[in-house]
Each structure stands twice: as C-alpha cells, then as structure tokens.
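Me: I have a chain open on my screen and would like to talk it through with you. Could you keep the answers plain?

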Amino acid sequence: PTRTALARSVAEVRRALEARADHGAGAVVYFFFAGHGQADRLLLQPEAAAEAAITGKELRVMLSELPAGRIVVLLDACRSASLFAERGGPDLTSEIRALEAKAEGAPLGVLTAARSDRPAGESAALQGGVFSHVLASALAGAADVDGDQQVTFGELAAFVAFHTERLTGQRPWFEPPGG
C-alpha cells in the first residue's frame with residue numbers, strides 16, 4: 001500500500017465504525033501488514049519519493065483514532081517489533097505529546113513476526129512469510145485451545161509464537177492489549 005491508500009483505508013474503517021449503533025465501542029479491529037520492514041518503520045509503496053515508510057509512532061496514532069473497543073496489530077515484516085518495542089526520545093511539541101498520550105492509552109494489541117533486530121522468515125514452498133501462514137491457521141481456529149469458537153489474543157500469541165519459532169527459529173514479539 002501507499003501512505004495515501006493506508007490513510008484512506010483507515011478513514012473508511014473509522015466511518016464504518018462510527019455508523020454502527022454502538023459507534024464502534026464493541027468492535028475489534030485487526031490491522032494486518034505483510035511486507036518489508038526496517039528498524040522503526042514499515043516500507044510502503046513509493047508515491048513521490050524513492051522510499052516510503054510509516055513509523056510505529058505514526059501507525060499507533062493513526063490506529064488509536066479509530067473508535068474501536070480493541071485494536072490488534074499483526075505485522076509480518078523484518079524487524080517489526082522495533083516499531084513498538086523501542087521508542088525514541090520524547091517529541092518537543094505539546095500537540096505530538098498529546099497524540100502519543102492518546103495512542104499509549106489505546107486498547108492496542110500487537111503481534112509481530114520478528115524481534116527488532118531480526119529478519120522475518122519466508123518460505124518458497126508457502127510463497128510468503130511463515131508467520132503469515134501460521135497466523136492464518138491460528139485465526140482459522142487452530143489456536144482455539146478451549147474450543148469456545150473464539151480465538152483470544154492470548155491464544156493467538158501463544159500459538160503463533162510457538163509454531164513460528166518451531167518452524168523457523170524466529171521468535172515473534174507481542175504486546176497484549178492494555179500492556
């Protein structure tokens with residue numbers, strides 16, 4: 001995606017949530033990205049420059065503005081944990097601090113394919129990331145340990161972390177909603 005397409009998609013989700021009877025309060029939003037990542041950013045399709053990216057702070061702020069009960073971020077990209085696990089120094093403007101404070105309080109759960117300093121594993125046989133394959137299996141019901149027809153964030157993180165590490169040696173990183 002491009003930055004413009006990403007912003008447009010998030011705006012469409014916001015409008016759909018606001019149109020609900022509960023104005024999104026009972027909704028769970030899943031944000032999934034499979035692509036390339038570098039330290040502190042996900043690479044996007046260039047629009048006007050040679051490289052386009054979105055940082056973890058930008059993504060957190062963008063998603064925290066959604067009126068959802070919970071937001072789950074799933075990232076299959078190299079060094080993807082660096083978007084959320086390592087934060088730089090504080091910004092100097094009060095507007096940015098206010099946005100970051102709002103974003104920190106968002107019910108945002110994150111599950112990434114790789115730690116901050118590691119690449120994500122890909123498989124020629126799967127024609128993509130192993131993390132994405134395991135994640136799809138988990139969401140299809142394989143992670144529903146208690147058989148209640150719902151895959152909780154805990155079930156999802158445990159299943160994906162165990163099987164991704166077992167298959168590739170890479171250890172996914174996660175942060176549950178609410179810390």
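Me: To start with the chain as a whole, what share of the contacts with a separation of 6 or more comes from residues 24 or more positions apart?
Reply: In this predicted model, residues 24 or more positions apart account for 71% of the contacts in the protein chain that have a separation of 6 or more.

Me: And how many helices and strands does the protein chain have?
Reply: There are 5 helices and 9 strands in the protein chain, and from the N terminus on the elements follow the order α-β-β-β-β-α-β-α-β-β-β-α-α-β.

Me: What percentage of the residues counts as buried?
Reply: Of the 179 residues, 40% count as buried; the chain exposes about 9500 Å², and carbon and sulfur atoms supply 54% of that area.

Me: Let's go inside, then. Which residues touch the most other members of the largest nonpolar core?
Reply: Those are L63, V73 and F84, in a core of 26 residues. The elements that give two or more residues to this core are helix 1, strand 1 (28-34), strand 3 (41-44), strand 4 (52-55), helix 2, strand 5 (70-76) and strand 6 (108-112). Another core, of 18 residues, lies apart from it, and C78, L135, A143 and F153 are among its members.

Me: What is V73 in contact with, leaving aside its neighbours within four places in sequence?
Reply: With those neighbours set aside, V73 is in contact with F31, L59, L63 and F84, and also with L108, G109, V110 and L111.

Me: How are the residues of strand 6 placed, buried or exposed?
Reply: Strand 6 is mostly covered, with 5 of its 5 residues buried. Both of its faces are covered, since L108, V110 and T112 on one side and G109 and L111 on the other are all buried.

Me: Does strand 6 pair in the parallel or the antiparallel sense with strand 5, and what about strand 9?
Reply: Strand 5 and strand 6 pair in the parallel sense over 5 bridges, with L74 standing opposite L111. With strand 9 (residues 173-175), strand 6 pairs in the antiparallel sense over 3 bridges, and there the bridge partner of L111 is F174.

Me: Moving to strand 1, which of its side chains are buried and which are not?
Reply: The side chains alternate along strand 1: V29, F31 and F33 point to one face and are buried, whereas V28, Y30, F32 and A34 point to the other and are not. Strand 1 also pairs with strand 5 in the parallel sense, over 7 bridges, and L75 in strand 5 is the bridge partner of F33.

Me: Why does Y30 count as partly exposed?
Reply: Y30 has 45% relative accessibility, so it falls between the cut-offs of under 20% for buried and over 50% for exposed. Together with V28 and L139, Y30 forms a nonpolar patch on the surface, with about 260 Å² of accessible area between the three residues.

Me: Last topic, helix 2: how many of its residues are buried?
Reply: Helix 2 (residues 56-64) is mostly covered, as 7 of its 9 residues are buried, namely G56, L59, R60, V61, M62, L63 and S64.

Me: And how far from M62 is A7, going by their C-alpha atoms?
Reply: The two C-alpha atoms are separated by 7.9 Å, although A7 and M62 are 55 residues apart along the chain. A7 sits in helix 1 (residues 3-19), and A7 counts as partly exposed because its relative accessibility is 39%.

How values were computed
Residues are numbered from 1 along each chain as its sequence is written. This is a predicted model: local features need pLDDT of at least 70, side-chain atom pairs count only at pLDDT 80 or more; totals for chains, interfaces and linings use all residues. Side-chain values use heavy atoms; hydrogens and water are left out. Buried means under 20% relative accessible area, exposed over 50%, partly exposed in between (1.4 Å probe, protein chains only). Helices (H or I, at least four residues) and strands (E, at least two) are DSSP runs, numbered from the N terminus. A nonpolar core is a set of buried Ala, Val, Leu, Ile, Met, Phe, Trp, Tyr and Cys residues joined through side-chain atoms within 4.5 Å. Contact means heavy atoms within 4.5 Å. Two strands pair if DSSP finds at least two bridges between them. Patches are made of residues with over 30% relative accessible area and no salt bridge: like charges are joined within 9 Å, nonpolar side chains (Val, Leu, Ile, Met, Phe, Trp, Tyr) within 5 Å. Accessible areas come from the Shrake-Rupley method with a 1.4 Å probe; for residues, only the protein chains shown count as cover. A salt bridge is a side-chain nitrogen of Lys or Arg within 4 Å of a carboxyl oxygen of Asp or Glu.
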